[in-house]
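This report describes a ligand site, a sheet and a few backbone details, in that order. Please keep the sequence and the structure at hand while reading.

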Amino acid sequence: MGKRTTKLRLGVLASGSGTNLQSIIDACANGSIDAQIVRVICNNPAAGALQRAECAGISGCCINHREFAGRGEFDAAVIEQLHHDAVELVVLAGFMRIVGTDFVRAFPKRIMNIHPALLPAFPGLQVQKKALESGAKFSGCTVHFVDDGVDTGPIIIQAVVPILTDDTEESLSARILEQEHRIYPQAIQLFAAGALEIEGQRVNIAPAWAGAEQLRTQALLNPPAP
Ligand code: GRF
């Protein structure tokens, strides 16, 4: 893929406070990603993400899922808005709705999601609590492409965080969220740079971006080795 001459057009979908949206707004503003957010859509009128968009001068709107007969109709309205804005990459950032097959078909290999666990472990909801209760020593977060399943698409980047003896659901969620804010802009930049290739369930990252040598000697232990 040749180098782009225009910035990648992002459409961000969010339901909540929008801290991930904010990390992407900041990364676009400081030039660490070659992209521009052209639209923020919230399904929840009270979402903090709408205020964040407004503060940043980004077009935002609410498409309230409660006003539609079903998921298909809601998805169709969202797709129409994203097409209208000529969105090239759809970014789900704390978007608490499952996108249907037609949505995935409308943006093939062009929808990303962030999930606060190390997929394929702990898909679904309340995953920080599930990780804590499982006794695992590590959890983390995952940016992945969206396919027809729930949290099953090809994985782009993961960040690992330790689970500490005195962790609560809140403390673990906060540690994971900090890493979400690092890896989501990074994944978007890899996409914008044309560095991602999907091969079946795997995402190949172009060598210049993959950091393979650095990773070869890295391992995390919890507890650390004496
Ligand atoms: C994040 O943990 C995200 O992974 C999850 O919901 C949370 C949303 O946070 N799906 P925010 O709205 O980006 O602050």
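How many nonpolar, polar and charged residues does the shell around the ligand have?

## The ligand and its shell

In this predicted model, the shell around the ligand has 3 nonpolar, 6 polar and 1 charged residues by class. The residues that surround the ligand are Gly-16, Ser-17, Gly-18, Thr-19, Asn-20, Gly-94, Ile-114, Pro-116, Leu-177 and Glu-180. At least three residues of this shell come from domain 1 (8-108), and at least three from domain 2 (114-209). In terms of secondary structure, α1 (19-29) and α6 (169-192) each contribute at least two residues to the shell.

## Polar contacts with the ligand

Oxygen atoms of the ligand take part in polar contacts with both backbone and side-chain atoms of the protein. A polar backbone atom of Gly-18 is 2.9 Å from an oxygen atom of the ligand, while Thr-19 places a polar side-chain atom 2.5 Å from a ligand oxygen atom. Glu-180 likewise has a polar side-chain atom that lies 2.8 Å from an oxygen atom of the ligand. On its own the ligand has 370 Å² of accessible area, and the protein covers 82% of this area.

## The sheet

Seven strands form an open sheet with mixed pairing, and their order across the sheet is β3-β2-β1-β4-β5-β6-β7. The edges are occupied by β3 (60-62) and β7 (155-162), each of which has a single partner strand, so that one side of each is left without a neighbour in the sheet. Averaged over the sheet, and with direction ignored, neighbouring strands are turned by 20° against each other.

At the β3 edge, the pairing can be followed down to individual residues. Strand β2 (residues 35-42) pairs with β3 in the parallel sense, over 3 bridges, and the bridge partner of Ile-41 in β3 is Cys-61. Strands of a sheet pair through backbone hydrogen bonds, either parallel or antiparallel.

## Backbone details outside the strands

Most residues other than glycine have a negative phi, and most peptide bonds are trans. Against that background, two cis peptide bonds and one positive phi may be noted here. The peptide bond from Leu-119 to Pro-120 is cis, with omega near 10°, and Pro-120 belongs to the loop between β5 (111-115) and α5 (127-134). Asn-222 and Pro-223 are also joined by a cis peptide bond, for which omega is about 5°; Pro-223 is found in the segment after α8 (212-216).

Ala-86, a residue other than glycine, has a positive phi, with a value near 50°. This alanine, Ala-86, lies in the loop between α3 (71-84) and β4 (89-92).

Key: Residues numbered from 1 in each chain as written. Predicted model: local features only at pLDDT ≥ 70, side-chain atom pairs only at ≥ 80, totals over all residues. Heavy atoms only, no water. Near = heavy atom within 4 Å. Polar contact = N/O pair within 3.5 Å; in protein donor to acceptor, adjacent residues only side chain to side chain. Areas by Shrake-Rupley, 256 points an atom, 1.4 Å probe, with all protein chains shown as cover. Helix = DSSP H or I, 4+ residues; strand = E, 2+ residues; numbered from the N terminus. Nonpolar A, V, L, I, M, F, W, Y, C, P; charged D, E, K, R; others polar. Domains from an automatic or database assignment. Pairing = 2+ DSSP bridges. Axes fitted to C-alpha atoms, helices over the stretch in contact; angles between N-to-C directions.
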